[in-house]
Number of protein chains: 2
Amino acid sequence: MTGNHQLPFDLKDIGGRAIAAARLGTRGANPIVGAVVVDVAGRLLAVGHHRGAGTAHAEADALNQLRADLDSGRIDALPGNGPAEWTMVVTLEPCNHSGRTGPCSHAIRDAGIGTVVYGASDTTREAAGGAAWLAAHGCRVIAGEDIDPRWAGAARAANHRWFAARASSRPFTTLHLAQTLDGRIAAADGTSQWITGPASRHHSHRVRARADAIVVGTGTVLADDPRLTARFADGTDAPRQPLRVAMGHRDVPAGAAMIGDGHFHHVRTRHPSEALAELGSLGIAHVMIEGGASIASAFLAADLVDEIWLYQAPLMLGAGRAAVVDLGIESLADAKRFEYDDVGDGAVQRCGDDVVLHLSPAPAA
Amino acid sequence: MTGNHQLPFDLKDIGGRAIAAARLGTRGANPIVGAVVVDVAGRLLAVGHHRGAGTAHAEADALNQLRADLDSGRIDALPGNGPAEWTMVVTLEPCNHSGRTGPCSHAIRDAGIGTVVYGASDTTREAAGGAAWLAAHGCRVIAGEDIDPRWAGAARAANHRWFAARASSRPFTTLHLAQTLDGRIAAADGTSQWITGPASRHHSHRVRARADAIVVGTGTVLADDPRLTARFADGTDAPRQPLRVAMGHRDVPAGAAMIGDGHFHHVRTRHPSEALAELGSLGIAHVMIEGGASIASAFLAADLVDEIWLYQAPLMLGAGRAAVVDLGIESLADAKRFEYDDVGDGAVQRCGDDVVLHLSPAPAA
């Protein structure tokens with residue numbers, strides 16, 4: 001699978017561009033992936049990335065650009081510098097299975113790409129084997145690990161939480177927090193609407209629309225009776241609606257707003273791992289946790305949060321319900337550690353009057 | 001003081017540039033001020049701003065540039081388009097007193113600038129009267145209020161807290177907070193060093209070096225024994241050291257680190273307004289509050305915080321001491337409201353592994 005490793009470009013540079021392209025995607029059910037196609041002179045012909053579950057994989061995105069540019073004459077396939085001499089650099093081993101899109105291994109072979117260099121190996125049961133399939137079908141396939149282990153490591157690290165979730169056969173989880181500067185989600189008298197502004201709420205609805213399921217605790221259902229639909233800024237429903245999930249032992253009133261059209265599920269447990277297992281068994285691959293504080297804290301304490309969108313309003317309360325309540329941590333050395341994550345919209349952004357922080361758990365040291 | 005208001009430029013545009021220049025400064029003992037000089041064709045000749053107490057005022061900064069450019073021939077003073085025909089647009093009425101620098105009114109007259117348009121009136125006792133002095137000395141002086149009240153309002157609003165502090169004859173205050181994502185400054189067992197990283201601490205030392213005094217509660221002195229010196233990244237002391245102030249009723253041990261070389265003061269009160277009055281009487285014009293939580297909260301509750309630098313480490317604790325503890329607020333409608341403030345380094349910035357937020361109290365609605 002390795003063969004002659006001579007490449008007409010610097011993998012650190014071109015591979016870095018593929019990772020940068022991957023980071024334009026969004027986290028969720030699928031990993032972030034970037035793909036770059038380079039000619040024999042090391043010129044960049046196409047840069048593609050995956051935009052989230054249900055959309056083209058990064059390889060297909062790059063190949064679609066390539067085909068359009070070849071058809072329109074914007075680029076030429078010349079003797080000695082055509083697809084057979086071109087190299088695709090992709091951050092993740094091309095998939096070998098048909099999900100909502102066809103297998104990338106076949107698409108690459110069909111496009112006649114001569115060489116594929118990939119970063120992280122695909123270790124998932126359903127999609128693995130793309131590298132072997134391509135090698136068996138005449139493609140020169142190179143594991144980035146064999147040329148530049150540092151790049152391959154960075155390509156894998158870009159999805160470290162996605163790999164962890166898959167290794168545990170559980171959905172990927174996104175935690176939504178909307179708080180004051182002093183970490184409160186309600187004032188002393190319980191008032192909580194609204195802490196963040198309309199721009200932040202609109203942003204969080206876009207994140208909702210990417211998830212397969214939205215989870216709130218039964219306490220939040222009883223206190224706030226949220227609708228939990230993904231809505232556009234004008235208030236209309238987004239076409240794709242996540243499953244609305246209540247979590248906890250208390251009953252959900254028959255007239256609860258989140259039951260709505262019945263796209264609703266009640267998980268009767270307070271244990272995050274049990275809830276994720278039950279949702280996984282329903283085919284849910286991406287769960288968004290919307291609160292309240294006990295549910296959020298339970299997922300955080302169990303290390304079952306893969307990314308956080310933290311909306312911070314420029315307010316201080318000094319008292320009232322905290323966003324995060326008990327993580328079982330005694331000492332600063334045991335604090336939960338995150339890193340600002342620039343995938344998607346960016347790690348830190350102004351959003352109306354608020355600031356939105358995007359975080360991922362820091363990899364274990 | 002108004003005269004003929006015809007100007008060879010759009011005040012909204014040129015005045016906006018002066019405000020943008022002002023925002024390059026830093027908040028503290030002095031207001032932020034920007035000054036722009038424009039010729040008869042509306043061309044920008046110079047843009048100046050004030051960089052903080054002890055440095056050139058914005059008008060002097062712009063005039064210094066102008067003089068250097070005239071001396072070197074980069075710009076020309078032509079018949080019909082020389083200083084007498086030029087206009088200075090300044091966000092704040094030029095001062096009329098000699099502090100650490102000479103009066104701007106005299107400098108403008110000496111430079112022969114024909115017209116001055118100013119935004120906010122200087123209402124401070126010592127510095128007021130610059131507009132009248134200039135008008136009495138042959139300068140055409142126009143209050144921006146008479147041409148573009150919106151611009152003049154924005155020029156005043158840029159320093160709304162500085163004006164409020166001066167109106168109360170109290171020092172301007174900067175609050176320093178360094179916390180986790182969930183608003184904690186110590187873990188359950190009291191461990192607190194270090195929550196933020198070296199880059200944040202270095203940033204806060206630069207802010208310290210701008211202040212006249214650093215205040216901590218006596219509880220913090222007894223618990224942490226901080227040095228409170230302003231230090232460079234390499235650990236050496238900055239040349240300018242603020243007065244180190246302990247606030248509260250408890251005695252400070254004779255060997256406390258903050259006493260150091262004796263540039264130390266003990267304010268025996270827990271009331272922020274009393275502390276500020278005492279510091280003001282010592283000639284302190286800019287106070288930085290470094291904590292702990294009770295002191296910070298007392299200043300916030302009394303609406304005596306003029307700006308906040310909030311350093312946020314990507315950590316969660318779920319328990320332990322909160323940065324802000326009691327503001328006397330019951331309901332969300334009464335929350336302390338701030339706005340992200342882009343003056344100086346910017347409203348939101350990455351700083352090592354942390355994020356630094358710069359906030360100012362929102363003006364009363």
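**Exercise 1. A residue in strand E10 of chain A**

Task: Classify Val287(A) as buried or exposed, and describe its surroundings in this predicted model.

Solution. Val287(A) has a relative accessible area of 0%. The cut-off for a buried residue is under 20%, so Val287(A) is classed as buried. The residue belongs to strand E10 of chain A, which covers residues 286–291. Leaving aside residues up to four places away in sequence, Val287(A) touches Pro171(A), Phe172(A), Thr173(A), Thr174(A), Ala213(A), Val215(A), Leu276(A) and Leu279(A). Leu66(A) provides a distance for reference: between the C-alpha atoms of Val287(A) and Leu66(A) there are 34 Å in space, with 221 residues separating them in sequence.

**Exercise 2. Strand E1 of chain A and its partners**

Task: Determine how many residues of strand E1 (residues 34–38) of chain A are buried, and establish how the strand is paired.

Solution. Begin with burial. In E1(A), 5 of the 5 residues are buried, so the strand is largely enclosed by the rest of the structure. Next, consider the side-chain directions. In a regular strand, side chains alternate between the two faces of the sheet. Gly34(A), Val36(A) and Val38(A) point one way from E1(A), while Ala35(A) and Val37(A) point the other way, and all are buried.

The pairing follows. E1(A) pairs with strand E2 (residues 44–49) of chain A in the antiparallel sense, over 5 bridges; within this pairing, Gly34(A) is opposite His49(A). The two strands make a hairpin with 5 residues between them, and Gly42(A) in the turn has a positive phi of about 80°. E1(A) is also joined by 4 bridges to strand E3 (residues 87–92) of chain A, again running antiparallel, with Val36(A) opposite Val89(A).

The last step continues from E3(A) to strand E4. These two strands pair in the parallel sense over 5 bridges, and Thr87(A) faces Thr115(A) in E4(A). Strand E4 (residues 115–120) of chain A has 6 of its 6 residues buried, so E4(A) is likewise largely enclosed by the rest of the structure.

**Exercise 3. Salt bridges within the chains**

Task: Locate the partners of the salt bridges made by Asp342(A) and Arg51(B), and state how accessible each partner is.

Solution. Over all chains, the count comes to 34 salt bridges. Asp342(A) forms one with Arg23(A), with the closest N and O atoms 2.7 Å apart. This pair links distant parts of the chain, 319 residues apart: Asp342(A) is in the loop between E13 and E14 of chain A, and Arg23(A) is in the loop between helix H1 (11–22) and E1 of chain A. Asp342(A) is partly exposed at 39% relative accessible area, and Arg23(A) is partly exposed at 24%. A network of salt bridges links Arg23(A), Arg27(A), Asp341(A) and Asp342(A).

In chain B, Arg51(B) forms a salt bridge with Asp61(B), the closest N and O atoms being 3.0 Å apart. Arg51(B) lies in the loop between strand E2 (44–49) and helix H2 (58–72) of chain B, and Asp61(B) lies in helix H2, so the pair ties together parts that are 10 residues apart in sequence. Arg51(B) is partly exposed, with a relative accessible area of 47%, whereas Asp61(B) is buried, with a value of 12%.

**Exercise 4. The interface of chains A and B**

Task: Characterise the contact between chain A and chain B by extent, composition and strand pairing.

Solution. First, the extent: 46 residues of chain A are in contact with 46 residues of chain B. The two chains bury about 3,500 Å² between them, 63% of it on carbon and sulfur atoms. Met316(A), Leu332(A) and Tyr340(A) supply 22% of the area that chain A buries against chain B, more than any other three residues.

Second, the polar component. The interface has 0 salt bridges, but 18 residue pairs are in polar contact. Elements giving two or more residues to the side of chain A that touches chain B include strand E6 (172–180), strand E11 (307–313) and strand E15 (354–361) of chain A. By class, this side has 28 nonpolar, 8 polar and 10 charged residues.

Third, the strand pairing between chains. E13(A) pairs with strand E12 (residues 315–316) of chain B in the antiparallel sense over 2 bridges. Arg337(A) has Leu315(B) as its bridge partner in E12(B).

Conventions:
Residues numbered from 1 in each chain as written. Chains lettered and ligands numbered in written order. Predicted model: local features only at pLDDT ≥ 70, side-chain atom pairs only at ≥ 80, totals over all residues. Heavy atoms only, no water. Contact = heavy atoms within 4.5 Å. Buried area = accessible area lost by both parts, 1.4 Å probe. Salt bridge = Lys/Arg side-chain N within 4 Å of Asp/Glu carboxyl O. Polar contact = N/O pair within 3.5 Å; in protein donor to acceptor, adjacent residues only side chain to side chain. Nonpolar A, V, L, I, M, F, W, Y, C, P; charged D, E, K, R; others polar. Pairing = 2+ DSSP bridges. Buried < 20%, exposed > 50% of the residue type's maximum accessible area, 1.4 Å probe, protein only.
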